[in-house]
Amino acid sequence: MFGLFKKKTFNKDHFPKIVNDLVDKMDSTQEIIIASIHSQLEEILNNWKFDLENLNPEVIDALYGYQITCLVGFCVEEKLIKREDLLIFRKEILKTIKKKSIMNTISNTKLIEDYNQRYLDCWGDIPCLNKKFYEDIMKIYKVPNDKDKIHEIIGFLEDTSVSFALQTQTNTANVFGDKVLQKKLAKRFQKYLEEESYVSKHKK
């Protein structure tokens with residue numbers, strides 16, 4: 001997503017350890033995003049409540065699919081991995097998710113791949129990714145299409161989409177040990193939050 005200079009490219013022998021750490025960070029970011037979605041939607045929609053204990057597992061699949069879309073091509077673009085290793089890297093991520101899900105949660109790798117392809121069809125176009133992300137979240141969570149609140153809901157979910165992508169890429173840079181890239185992405189993230197996000201443009 002961002003053409004930043006890279007120093008070191010890792011080969012496939014490094015993937016198991018890198019991916020294990022990466023999936024841990026993906027899971028942690030998902031927890032934050034899910035909690036944010038719940039709290040913000042409940043604040044926007046007075047009568048909308050969601051029980052975290054009865055979370056639809058498909059949201060996890062959708063979030064994994066989105067994260068994989070945001071980080072695999074990014075790793076090639078930033079020369080963290082070789083282009084010819086892209087599919088091997090993606091396969092290692094899916095394998096690790098499947099292994100961890102058996103121990104922790106129920107996730108459907110076929111559905112993850114379906115969501116990944118859905119987002120890949122945007123070819124990196126941010127508005128397209130944002131649109132598909134908010135459509136999927138609204139569908140999975142059965143968010144009511146409140147005509148008085150819809151613009152606020154979409155604005156919040158589009159902010160979530162961009163923030164989620166940037167946080168995923170920042171975590172990826174961290175796992176690969178690229179502190180320079182991580183710092184640049186963190187600055188980009190902060191700039192988005194303060195100047196470009198829906199929330200920043202509609203402060204009360």
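Is I44 buried or exposed? In this predicted model, I44 has a relative accessible area of 2% and is therefore buried, since burial applies under 20%. The residue belongs to helix α1. Leaving out residues up to four places away in sequence, I44 touches K149, E152, I153 and F156. A separation of 41 Å was computed between the C-alpha atoms of I44 and K79, which stand 35 residues apart along the chain.

Two of the residues touched by I44, E152 and F156, also appear in the description of the largest pocket. This pocket has a volume of about 500 Å³. Its lining comprises 20 residues, and those closest to the centre are Q40, E152, F156, Y198 and V199. At least two lining residues come from each of the helices α1 (15-44), α6 (150-175), α7 (179-196) and α8 (198-201). The greatest contribution is that of α1, which supplies six residues to the lining.

Helix α6 also contains S161. With a relative accessibility of 0%, S161 counts as buried. When neighbours within four places in sequence are set aside, the contacts of S161 are with Y66, L129, N130 and F133.

The cysteines were examined next. One disulfide was found in a search of the whole structure. It joins C122 to C128, with a distance of 2.1 Å from S to S. The torsion about the S-S bond of these two residues is about -70°, and the disulfide is therefore left-handed. The two partners fall into separate accessibility classes: C122, at 5% relative accessibility, counts as buried, whereas C128, with a relative accessible area of 22%, is partly exposed. By contrast, C70 takes part in no disulfide, and the nearest cysteine sulfur, belonging to C122, is 10 Å away. A disulfide requires two cysteine sulfur atoms within 2.5 Å, so the 10 Å separating the sulfur of C70 from that of C122 excludes such a bond. C70 is buried, its relative accessible area being 6%. C75 is likewise in no disulfide; for C75 the nearest cysteine sulfur is that of C70, at 11 Å. The relative accessibility of C75 is 0%, and C75 thus counts as buried.

Charged side chains form 11 salt bridges in the structure. One of these joins D24 to K100, with 2.8 Å between the closest N and O atoms. This pair connects distant parts of the chain, as D24 is in helix α1 and K100 in helix α3, 76 residues apart. D24 counts as partly exposed at 35% relative accessibility, while K100, at 11%, counts as buried.

Other salt bridges lie within a single helix. In helix α4 (residues 109-120), D114 and K110 are four residues apart, about one turn of the helix, and their side chains meet in a salt bridge with an N to O distance of 2.9 Å. D114 is partly exposed, at 36% relative accessibility. In helix α5 (residues 126-140), E135 and K131 are separated by about one helical turn because they are four residues apart. The salt bridge between their side chains has an N to O distance of 2.4 Å. Both partners are partly exposed, E135 with a relative accessibility of 30% and K131 with a relative accessible area of 41%. Through salt bridges that share partners, E135 and K131 are joined with R118 and D136 into one network.

A charged residue without a salt bridge is D85, which is nevertheless buried. D85 is placed in the loop between α2 (58-77) and α3 (86-103). The nearest side chain of opposite charge is that of K12, at 5.1 Å. As a salt bridge requires nitrogen and carboxyl oxygen within 4 Å, the 5.1 Å between D85 and K12 lies beyond the cut-off. K12 is nonetheless among the residues that D85 touches, together with N11 and F15, when residues up to four places away in sequence are not counted.

Technical notes: Residues numbered from 1 in each chain as written. Predicted model: local features only at pLDDT ≥ 70, side-chain atom pairs only at ≥ 80, totals over all residues. Heavy atoms only, no water. Buried < 20%, exposed > 50% of the residue type's maximum accessible area, 1.4 Å probe, protein only. Lys, Arg positive; Asp, Glu negative; His and termini not counted. Contact = heavy atoms within 4.5 Å. 1 Å grid on protein atoms, 1.4 Å probe; cavity = no way out; pocket = protein on both sides within 12 Å on 5 of 7 lines; lining within 4 Å. Points joined across faces, edges and corners; volume = space filled by probe spheres on them.
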